[in-house]
Amino acid sequence: MEKTEKIWLNGKLVDWKDAQVHVLSHALNYGTGVFEGIRVYHTPKGPAVFRLKDHVQRLMDGCKVMGIDLEFNGKKYGKQELIDAIKDTVRANGDKVDYVKPCIFLSGEEVGLNPVGVPASMAITAIHMGAYLGPGSSAGAKLITSSWHRPDNLCGPAGAKVNGSYVTSTLAKREAVRQGANEAVMLNSVGHIAECTGENIFVYRHGRILTPQSAECILEGITRDSIITVARDLGYAVDETQVTRTQLVSADEVWMTGTAAEIAPVTMVDGRVIGNGEVGKVATQIHAKFSEIVTGKDPKYESWLDYVN
Ligand SMILES: Cc1ncc(COP(=O)(O)O)c(C=O)c1O
């Protein structure tokens, strides 16, 4: 990946090379951190962060679940301070920035699992990501069904972006890449469709849009929420429900949603062609509306944009 100029670390913008942690930091050894992925779009009013308040709220909720206090270098941070820090980091890294990754993690040096009293740090990185699933993926991604299950709510907080929980996603992603696919879809512990390694999933079948409901052990994606709203505003019926493998494979259209992947149409699952094998009309229409919204061309959704300057 391309390096950028500055990383925000515990209240200061430091050079990329100086953003370091100790090898014994608790988070490195046990995954005790919470992170976010947030898109920055270019609009006529300058760079805008998409649904920044919602991302910061999810980050804070994740820290609450993990018991991590928002205190770095002796200073307490609330929602507004986190928003300001993210905007400062975007501003410090120039026009190419399109993705921000804040991470709050137990940085104290510790051997042993007890997280109580271990100091936390916060780092915010702003980079250029471009097309997350690769340049060809807009013409239709290939999915496999992973042999790894999406961890359920008895294994950890499935609804929080906890660093350690992403081991399963990386195993599933490796499985997909090794089989020549772009992404892997994971089932939950009762065999329903849950989500992909870093995206939620949608199915268009029999004239309705279906997506796994929150209790199916998914991350409640902010793009997922945006697409449900946009699809309903466009007149589609959207059901947040249980989705089966049969419904997925026999769908007219399938697409993934995520901050990094945005709206990514799927044309093949486990070697089976979805619909007619081409990017479908519904995904195309919703994607076009989403692109207008994020680039500030639809005033109805203006409240989703947080301008940086
Ligand atoms: C496991 C997982 N599911 C879904 C998503 C999509 O969520 P969002 O749209 O908020 O980026 C992500 C990305 O954050 C993710 O990591």
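In which loop is the place of C217? The place of C217 is in the loop between β14 (208–212) and α5, where helices (H or I, at least four residues) and strands (E, at least two) are DSSP runs numbered from the N terminus. This is a predicted model, in which local features need pLDDT of at least 70 and side-chain atom pairs count only at pLDDT 80 or more, while totals for chains, interfaces and linings use all residues. Residues are numbered from 1 along each chain as its sequence is written.

## Overall build

The secondary structure of the protein comes to seven helices and 19 strands. With a radius of gyration of 19 Å, close to the 19 Å that the globule rule gives for 309 residues, the protein is as compact as a globular protein of that length; the radius is taken over C-alpha atoms, and the rule is 2.2 Å times the number of residues to the power 0.38. Taken along the principal axes, the box that the C-alpha atoms fill is roughly 55 × 45 × 30 Å.

Of the 309 residues, 44% are buried, where a residue is buried if 20 or more other C-beta atoms lie within 10 Å of its own, exposed if 12 or fewer, and partly exposed in between, with C-beta atoms placed from the backbone. Among contacts between residues at least 6 apart in sequence, 71% join residues at least 24 apart, a contact being a pair of residues whose C-beta atoms, placed from the backbone, lie within 7 Å.

## Two domains and their contact

The protein is divided into domain 1 (6–127) and domain 2 (135–294), with bounds that come from an automatic or database domain assignment. The centres of these domains, taken over C-alpha atoms, are separated by 26 Å, and the contact takes 23 residues from domain 1 and 11 residues from domain 2. On the side of domain 1 that touches domain 2, at least two residues each are supplied by α1 (26–30), β3 (33–35), β4 (38–43), α2 (52–66) and β8 (99–106), and α2 gives the most, with seven residues. By class, this side has 11 nonpolar, six polar and six charged residues; Ala, Val, Leu, Ile, Met, Phe, Trp, Tyr, Cys and Pro count as nonpolar, Asp, Glu, Lys and Arg as charged, and the others, Gly among them, as polar.

## The nonpolar core

The largest nonpolar core has 81 residues, of which A184 and V254 touch the most other members; such a core is a set of buried Ala, Val, Leu, Ile, Met, Phe, Trp, Tyr and Cys residues joined through C-beta atoms within 7 Å. Helix α7 (residues 281–294) provides the largest share of this core, six residues, and the core draws at least three residues from each of domain 1 and domain 2. Leaving aside neighbours within four places in sequence, A184 is in contact with residues that include L143, I144, A172 and C196.

## The ligand shell

Around the ligand there are 14 residues, the closest being G221, I222, T223, G258 and T259, where a residue is near a molecule if its C-beta atom, placed from the backbone, lies within 6 Å of it. Both α5 (222–233) and β16 (253–258) supply at least two residues of this shell, and α5 gives the most, with three residues. The shell is made up, by class, of two nonpolar, nine polar and three charged residues.

## Individual residues

Four residues can be set side by side by place and by C-beta neighbours within 10 Å.

| Residue | Place | C-beta neighbours within 10 Å |
|---|---|---|
| C217 | loop between β14 (208–212) and α5 | 24, buried |
| D270 | loop between β17 (262–269) and β18 (272–273) | 14, partly exposed |
| D54 | helix α2 | 16, partly exposed |
| N188 | loop between β11 (183–187) and β12 (193–196) | 21, buried |

Most residues other than glycine have a negative phi. In C217, however, phi is positive, near 70°, and in D270 phi is also positive, near 50°.

Not counting residues up to four places away in sequence, N188 touches H149, R150, D152, A194, E216 and C217. The C-alpha atoms of N188 and I222, 34 residues apart along the chain, lie 20 Å from each other. For D54 and G271, 217 residues apart along the chain, the separation of the C-alpha atoms is 36 Å.

Methods. Two residues are in contact if their C-beta atoms, placed from the backbone, lie within 7 Å.
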